[in-house]
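Open the chain in your viewer, keep the selection tool handy, and follow along from one stop to the next.

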Amino acid sequence: MQDYLKKHSIEIVDPAGEYYDDYYAVFFLDPDGIKLEGMKYGEKHEKAEAKHQSKGHAKA
């Protein structure tokens with residue numbers, strides 16, 4: 001997302017990064033100067049759960 005924002009000359013206030021465990025975000029300003037957040041979370045946990053299930057373990 002950060003690459004898209006840069007490509008369109010959108011001001012990034014806090015760069016893309018892992019802000020908490022398995023929580024990734026980039027903070028930017030909209031045209032009115034309001035700070036917005038683009039984020040993604042849970043991917044590591046989902047992959048770990050899928051791997052666990054593929055070994056024949058049932059989800060609790």
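The tour goes from the whole chain to the strands, and then to a few single residues.

**The whole chain**

Before you select anything, bear in mind that this is a predicted model. Colour by secondary structure and you should find two helices and three strands. Walking from the N terminus, the order of the elements is α-β-β-β-α.

Now turn the C-alpha trace around: along its principal axes the chain spans about 50 × 20 × 15 Å. How does the radius of gyration of the chain compare with that of a compact globule of 60 residues? Such a globule would have a value near 10 Å, while this chain has 16 Å.

Switch on the surface next. The accessible surface comes to about 5000 Å², and carbon and sulfur atoms account for 54% of that area. Of the 60 residues, 15% count as buried. If you display contacts between residues at least 6 apart in sequence, 9% of them join residues at least 24 apart. For a last overall view, show the charged side chains: there are 9 positive and 12 negative charges, and their mean positions lie 9 Å apart.

**First hairpin: β1 and β2**

Select residues 12-20, which form strand β1. This strand pairs with β2 in the antiparallel sense, over five bridges. To see one position in this pairing, pick E18, which stands opposite Y24 in β2.

Then move to the turn. Two residues sit between the strands of this hairpin, and D22 takes a positive phi near 65 degrees.

**Second hairpin: β2 and β3**

Add residues 23-29 for β2 and residues 35-41 for β3. How many bridges join β2 and β3? There are seven, and the sense is again antiparallel.

Two pairs are good to label here. Y23 has Y41 in β3 as its bridge partner, and F28 stands opposite L36, also in β3. As you look along the strands, remember that in a regular strand the side chains alternate between the two faces of the sheet.

The connection in this hairpin has five residues between the strands. Within the hairpin, select G33, whose phi is positive, near 85 degrees.

**Stop at Q2**

Go back to the N-terminal part and select Q2 in helix α1, which covers residues 2-7. Is Q2 buried or exposed? Q2 counts as buried because its relative accessibility is 18%, under the 20% cut-off. To see its surroundings, show I12, P15, A16 and V26: these are the contacts of Q2 once neighbours within four places in sequence are left aside.

**Stop at D21**

Next, select D21 in the loop between β1 and β2. D21 counts as exposed, because its relative accessibility of 60% is over the 50% cut-off. Even so, D21 has contacts beyond its neighbours within four places in sequence, namely K44 and H45. Draw a distance from D21 to K44: their C-alpha atoms are 9.0 Å apart, with their positions 23 residues apart in sequence.

**Last stop: G42**

Finish with G42, in the loop between β3 and α2 (43-54). G42 is buried, because its relative accessible area is 15%, again under 20%. Draw one more distance, from G42 to I10: these residues are 32 apart along the chain, and their C-alpha atoms are separated by 26 Å.

Terms used:
Residues numbered from 1 in each chain as written. Predicted model: local features only at pLDDT ≥ 70, side-chain atom pairs only at ≥ 80, totals over all residues. Heavy atoms only, no water. Helix = DSSP H or I, 4+ residues; strand = E, 2+ residues; numbered from the N terminus. Rg over C-alpha atoms; globule rule 2.2 N^0.38 Å. Buried < 20%, exposed > 50% of the residue type's maximum accessible area, 1.4 Å probe, protein only. Contact = heavy atoms within 4.5 Å. Areas by Shrake-Rupley, 256 points an atom, 1.4 Å probe, with all protein chains shown as cover. Lys, Arg positive; Asp, Glu negative; His and termini not counted. Charge placed at Lys NZ, Arg CZ, Asp CG, Glu CD. Pairing = 2+ DSSP bridges.
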